[in-house]
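Load the model and keep the selection tool at hand. The stops below go from strand to helix and end with the chain as a whole.

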Amino acid sequence: MFKSFINLLFPNCCPACDNALTNPKDFICTFCRFHLPKTNFHPHKINPVSKKFDGRINVHSATSFLYYIKGGLSQGLIWNLKYNGRKDVGIYLGELYGYDLMETDLYNTVDVIIPIPLHKDKYRKRGYNQSEQFAEGLSKTMNKPTDFSTTVKTISTTTQTTKRRYERWKNVENKFVVNDLELFRGKHILLVDDVVTTGSTLEAAAIALAMVQDIKISIATIACA
Ligand SMILES: [Zn+2]
């Protein structure tokens, strides 16, 4: 009785559309489940996400689960994941997409899933890394391990004083190092992030990973803008 009283005050809401869930056991409402704006890029080697990296980095394959639409379901899901403490949204979406990825030859050869790391100060502030949650979901249904610690985001201090403010900010945002160059040798890496826009963050992380010998890098994000 106490639980139903609490539910009346704070009903379980769909993290995509924010409407109350009619079945509290559901994760998202039936309408949203069937109207997720899926890209279905994953079976295709060449697609709008892979094209973002053309001439920049050598990626084996790249894809996004959803289209990022302002005011749409995907924006609601990502907002809840990033700013509302809803880590479970990332895991849920990862689990869904993991099934799709395993059906393709492009992704079923992945050896390890690596989320785009957050700088440790930002991690401490937010309490979690939204890309790690997505990676965890993918890991469950793809049955592949994750690595959260070998690729690290750092702050570069070498050339900052000579750069203007904006460039300095960009510089701070996009520095990654791989701690152990032997660990991923000859491996197929799936690098994952929440939303891909210009792709500059993924590019920077892929550049760091490309230092590893015989590495194969693929990319998967929750959404693409
Ligand atoms: Zn909904």
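Start by selecting I114 and L191: L191 in β5 is the bridge partner of I114. Residues are numbered from 1 along each chain as its sequence is written. The model is predicted: local features need pLDDT of at least 70, side-chain atom pairs count only at pLDDT 80 or more, and totals for chains, interfaces and linings use all residues.

Widen the selection to strand β2 (residues 112–115), which pairs with β5 in the parallel sense over four bridges. Strands pair if DSSP finds at least two bridges between them. Helices (H or I, at least four residues) and strands (E, at least two) are DSSP runs, numbered from the N terminus.

Next, select strand β6 (residues 216–224), which is joined to β5 by eight bridges, also in the parallel sense. On this side, V195 has A223 of β6 as its bridge partner.

Now show β5 alone, residues 188–196. Seven of its nine residues are buried, so β5 is largely enclosed by the rest of the structure. Buried means that 20 or more other C-beta atoms, placed from the backbone, lie within 10 Å of the residue's own.

Move to helix α4 (residues 73–83), where the buried residues are L73, S74, G76, L77, I78, N80 and L81. These pack against α2 (30–34), β1 (61–67), α5, α7, β5 and β6. Packing is judged by contact: two residues are in contact if their C-beta atoms, placed from the backbone, lie within 7 Å. After α4 comes G85, with a positive phi near 70 degrees.

Then select helix α5 (residues 87–102) and helix α7 (residues 130–142). Their axes come within 6 Å and cross at roughly 40 degrees. Axes are lines fitted to C-alpha atoms, for helices over the stretch in contact, and angles run from 0 to 180 degrees between N-to-C directions. α5 and α7 are therefore oblique to each other; angles under 35 degrees count as roughly parallel, over 145 as roughly antiparallel, 65 to 115 as roughly perpendicular and the rest as oblique. Residues making the contact include I91, Y92 and L93 of α5 and F134, A135 and L138 of α7.

Finally, show the whole protein chain. Its secondary structure comes to nine helices and six strands. Of its 225 residues, 35% count as buried. Among contacts between residues at least 6 apart in sequence, 72% join residues at least 24 apart.

Conventions. Buried ≥ 20, exposed ≤ 12 C-beta atoms within 10 Å, placed from the backbone.
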